[in-house]
Amino acid sequence: MVDVDTTIAELRERVRAFVHARDWESFHTPKDLAIALSVEASELVEPFLWRETSARLSAEDRASVGEELADVIIYGLSLANVLDLDLSEAVLDKLRKDERKYPARRFRGRAP
Ligand SMILES: [Mg+2]
């Protein structure tokens, strides 16, 4: 599993190199990256539209969700690069905030 051996820093650098090799920095503004991320998130949910909640995804739809999730993450990494955000710090800070907002003893088994 590649997840175990790949760091966020490595992914960020791959995304940065991809953008740089195409001289796309001027197009990758925070506004356009945020919009692109949102568009990709909408593409991600398409295989779920009009399906029963319990319906299993086909292999093709599962692959599509993986590809769109990758697009979302790539734009997220690029947005973090452009804004010079420490993504790990942001995720850990947000998880701590959510742990306080939704303490497990009160929310276990309950929708937020
Ligand atoms: Mg896409």
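I looked up aspartate 98 first in this predicted model; aspartate 98 has a relative accessibility of 25% and counts as partly exposed. Since buried means under 20%, aspartate 98 at 25% does not count as buried.

I then checked its partner. The side chain of aspartate 98 meets that of lysine 94 in a salt bridge, at 2.7 Å from N to O. Lysine 94 is also partly exposed, at 42% relative accessible area. Both residues sit in helix H5, which spans residues 87-101. They are four residues apart there, so about one helical turn separates them.

Next I asked how many salt bridges the structure holds. I noted five, and I followed up two others besides the one in helix H5.

Glutamate 13 pairs with arginine 16 in a salt bridge, and their closest N and O atoms are 3.3 Å apart. I placed both in helix H2, residues 8-21, where they are three residues apart, about one turn of the helix. For exposure I have glutamate 13 at 44% relative accessibility, partly exposed, and arginine 16 at 40%, likewise partly exposed.

The last pair I looked up was lysine 31 and aspartate 32. These form a salt bridge with the closest N and O atoms 3.0 Å apart. Is lysine 31 buried or exposed? I have lysine 31 down as exposed, at 52% relative accessibility; the cut-off for exposed is over 50%, so 52% passes. Aspartate 32, at 34%, counts as partly exposed.

Technical notes
Residues are numbered from 1 along each chain as its sequence is written. This is a predicted model: local features need pLDDT of at least 70, side-chain atom pairs count only at pLDDT 80 or more; totals for chains, interfaces and linings use all residues. Side-chain values use heavy atoms; hydrogens and water are left out. A salt bridge is a side-chain nitrogen of Lys or Arg within 4 Å of a carboxyl oxygen of Asp or Glu. Helices (H or I, at least four residues) and strands (E, at least two) are DSSP runs, numbered from the N terminus. Buried means under 20% relative accessible area, exposed over 50%, partly exposed in between (1.4 Å probe, protein chains only).
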